[in-house]
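Me: I would like a close look at a single part of this model. Please take one helix and follow it outward to whatever it meets.

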Amino acid sequence: MSQPPRSAAVGEDPVDRAREILVEERRSIDNIDAALVHLLAERFAHTQRVGVLKATYGLPPADPSREQEQIARLRTLAHDAGLDPVFAEAFMRFIVTEVIRHHERIRDEGPSHA
């Protein structure tokens, strides 16, 4: 967790202090964005392997019951973490849609093209 911004010291310009805080917060946001990109890359590496398994064994690209279970699980996690569950669900649906698209491509082009 980040620390709350300290008040401007006596004689320090509050606007300059606000700019300093802005730079610090943006640096943290940039670091989090980098971590998210790496996590998404790892997630998609795993889902690509799942797509190959599905294509190899003739399983469907989508699994609606798993998707519903995952969305319910994610909504609970989001709520517990203080994140808007509606946003979390929309984000997960976006990811799942992309994963299914990848699985369909693997199915259509063959597992060796993944």
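Reply: What follows is a walk along helix H3 and then to its neighbours.

This is a predicted model, in which local features need pLDDT of at least 70, side-chain atom pairs count only at pLDDT 80 or more, and totals for chains, interfaces and linings use all residues. Residues are numbered from 1 along each chain as its sequence is written, and side-chain values use heavy atoms, with hydrogens and water left out.

Start with the extent of the helix. Helices here are DSSP runs (H or I, at least four residues), numbered from the N terminus. H3 covers 85–109. Its 25 residues should span 36 Å at 1.5 Å a residue, and its end C-alpha atoms are 36 Å apart, so the two agree. The expected span is 1.5 Å times one less than the number of residues.

Now the two ends. At the start of H3, Asp-84 places a side-chain oxygen within 3.0 Å of the backbone nitrogen of Val-86. That fits a polar contact: a pair of N or O atoms within 3.5 Å, where, within protein, one must be able to donate a hydrogen and the other to accept it, and residues adjacent in sequence count only if both atoms are side-chain atoms. Just after H3, Gly-110 has a positive phi of about 100°.

Next, the buried side. Buried means under 20% relative accessible area, exposed means over 50%, and partly exposed lies in between (1.4 Å probe, protein chains only). The buried residues of H3 include Pro-85, Ala-88, Glu-89, Met-92, Ile-95 and Val-96. Further along, Val-99, Ile-100, His-102, His-103 and Ile-106 are buried too. Their cover includes H1 and helix H2 (64–81).

Part of this buried set belongs to the largest nonpolar core. Such a core is a set of buried Ala, Val, Leu, Ile, Met, Phe, Trp, Tyr and Cys residues joined through side-chain atoms within 4.5 Å. This one has 7 residues: Ile-71, Leu-74, Ala-78, Ala-88, Met-92, Val-96 and Ile-100. H2 and H3 are the elements that give it two or more residues. H3 gives the most, with 4. Ala-78 is worth a stop. Leaving aside residues up to four places away in sequence, Ala-78 touches Leu-83, Asp-84, Pro-85 and Ala-88. Contact means heavy atoms within 4.5 Å.

H3 also carries charged pairs. A salt bridge is a side-chain nitrogen of Lys or Arg within 4 Å of a carboxyl oxygen of Asp or Glu. The structure holds 8 of them. Glu-98 and Arg-101 form one, at 2.3 Å from N to O. Both lie in H3, 3 residues apart, about one turn of the helix. Glu-98 counts as partly exposed because its relative accessibility is 23%. Arg-101 is partly exposed as well, at 45%. Arg-107 and Asp-108 make another salt bridge, at 2.9 Å from N to O. Arg-107 has 43% relative accessibility, so it counts as partly exposed. Asp-108 reaches 56% and therefore counts as exposed.

Now cross to H1. This helix has 43 residues (14–56), which should span 63 Å at 1.5 Å a residue; its end C-alpha atoms are 62 Å apart, which agrees. Asp-13 caps its N-terminal end, with a side-chain oxygen 3.2 Å from the backbone nitrogen of Val-15. Val-15 itself is partly exposed, at 41%. The buried residues of H1 are Arg-17, Ile-21, Phe-44, Thr-47, Gln-48, Gly-51 and Lys-54. H3 is part of what covers them.

Two of these buried residues are charged in contrasting settings. Lys and Arg count as positive, Asp and Glu as negative, while His and the chain ends are not counted. Arg-17 is buried because its relative accessibility is 7%. Its salt bridge with Glu-20 has the closest N and O atoms 2.9 Å apart. The pair sits 3 residues apart within H1, about one turn of the helix. Glu-20 is partly exposed, at 34%.

Lys-54 is buried but has no salt bridge; Asp-63, the nearest side chain of opposite charge, is 5.7 Å away. Lys-54 touches Leu-59, Pro-60, Pro-61, Ala-62 and His-103, again not counting residues up to four places away in sequence. His-103 leads back to H3, where it is among the buried residues. Just after H1, Gly-58 has a positive phi of about 70°.
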